[in-house]
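Colleague: I'm new to reading protein models. Could you walk me through this one, step by step?

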Amino acid sequence: MKSFRKELWFNLPQRRGFVNITPKVEACLAESGVREGLVLVNAMHITASVFINDDEIGLHQDFDLWLEKLAPHKPVSGYRHNVGEDNADGHMKRQIMGREAVVAITGGKLDFGPWEQIFYGEFDGKRKKRVLVKIIGE
Amino acid sequence: MKSFRKELWFNLPQRRGFVNITPKVEACLAESGVREGLVLVNAMHITASVFINDDEIGLHQDFDLWLEKLAPHKPVSGYRHNVGEDNADGHMKRQIMGREAVVAITGGKLDFGPWEQIFYGEFDGKRKKRVLVKIIGE
Amino acid sequence: MKSFRKELWFNLPQRRGFVNITPKVEACLAESGVREGLVLVNAMHITASVFINDDEIGLHQDFDLWLEKLAPHKPVSGYRHNVGEDNADGHMKRQIMGREAVVAITGGKLDFGPWEQIFYGEFDGKRKKRVLVKIIGE
């Protein structure tokens, strides 16, 4: 069994945003040499997500408005977590969008449907944060 | 390490629906010959889900009403994604229900609690769509 | 390839609650002897979750209020699932918080960011329920 590990770093200039990380995960897979197996891609921080969906700018705006409706940032004082912090909403947005994606590796490629793309979802940006790519297989 | 891959195809006659795919995943597992390992079951499309919950018709009706409340289909014009499309709500419903399930394989069986069943969740049906079953182990 | 399996048992005195199970998962990992691989941690029951987030009591209170807002327990009669049951809301809360976490194992340790902790989330307690820990790797 082979294993491979790499961290991807992000520092988004705004509080919230989505970044397509599919090419970076594909580069990890090529570097790993794994042909059959699984890749785990997970946020290493708890106000961020890794998820798979469509790379379409209108949809990303819809996601942002929708998450803000389900778990609004303001009023910051509405959350007990926000004592010296203001990111409680980010912890909730991350639960809806998810921490991780597990993707099949077949024939040395990400085994994806036609529109699947991997995203980093940031809900408390303006700081350095990481995603872990872990690959196991043969 | 053994690996196994199969696609399951669906074409639901309605926009939304839930299908118990546990027997199909069990058939894949038997075909794979894997006794210890992991099975990844994921929607290959981004307005569909694979999730594990109860096979109870009342609950599925509750899920449908609840998802429609959290991410309503109408008004279609309320979503920026819906330019030539009408499925933005399906992308959101899929985030709540999830893209994938990872299930342990122990002694050649899905290692499940008493009520766990695997479902395909459709949120933009009336077309052919796929689920991927990927098994790794020994 | 090595594999390891253990069940963790819970019996929470209240309907809802969160338990940090990271030390128990770490003990499983030490017992497994796996140095490189993946650990799957999943609720074996369908009104419970395993998720990764912050071990902060204010946040857990926020989560509880937020989940109760998105999928309220009462009125119990508002759910079709609740015929002889009263836990439909628990099935929904579990979808938002998720069934499982998959964590990378690197150098014999859980490969975590600075604040990641694994939680058992109970949404229909006062009974014995289980979490499965499945480890594969080398």
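Modeller: Happily! Please keep in mind that this is a predicted model. Let's begin where two chains meet: about 2600 Å² is buried between chain C and chain A, with 59% of that area on carbon and sulfur atoms.

Colleague: How many residues does each chain give to this contact?

Modeller: A residue counts here when its heavy atoms come within 4.5 Å of the other chain. By that rule, chain A gives 29 residues and chain C gives 34.

Colleague: Which residue of chain A forms a salt bridge with C:Asp111?

Modeller: Across this interface there are 3 salt bridges, alongside 18 residue pairs in polar contact. In the salt bridge of C:Asp111, the closest N and O atoms are 2.5 Å apart, and the partner is A:Arg5.

Colleague: Which element gives the largest share of the side of chain C that touches chain A?

Modeller: Several elements of chain C give two or more residues to that side, among them β3 (36-43), α2 (57-70) and β8 (129-137). The side divides into 19 nonpolar, 7 polar and 8 charged residues. With 8 residues, the largest share comes from α2(C).

Colleague: Now the inside of the model: how many residues line the largest cavity?

Modeller: The count is 1 cavity of 30 Å³ or more, and the space in the largest cavity is about 600 Å³. Nearest its centre lie A:Gly98, A:Glu100, B:Gly98, C:Gly98 and C:Glu100. The lining divides into 21 nonpolar, 6 polar and 9 charged residues, and the number of lining residues is 36.

How values were computed
Residues are numbered from 1 along each chain as its sequence is written. Chains are lettered from A and ligands numbered from 1 in the order in which they are written. This is a predicted model: local features need pLDDT of at least 70, side-chain atom pairs count only at pLDDT 80 or more; totals for chains, interfaces and linings use all residues. Side-chain values use heavy atoms; hydrogens and water are left out. On a 1 Å grid over the protein atoms alone, a cavity is a set of points where a 1.4 Å probe fits but cannot get out, and a pocket is an open set with protein on both sides within 12 Å along at least five of seven lines; lining residues have an atom within 4 Å of a point. Grid points are joined across faces, edges and corners, and a volume is the space filled by probe spheres set on the points. Ala, Val, Leu, Ile, Met, Phe, Trp, Tyr, Cys and Pro count as nonpolar, Asp, Glu, Lys and Arg as charged, and the others, Gly among them, as polar. Buried area is the accessible area (1.4 Å probe) that two parts lose on being put together, summed over both. A salt bridge is a side-chain nitrogen of Lys or Arg within 4 Å of a carboxyl oxygen of Asp or Glu. A polar contact is a pair of N or O atoms within 3.5 Å; within protein, one must be able to donate a hydrogen and the other to accept it, and residues adjacent in sequence count only if both atoms are side-chain atoms. Helices (H or I, at least four residues) and strands (E, at least two) are DSSP runs, numbered from the N terminus.
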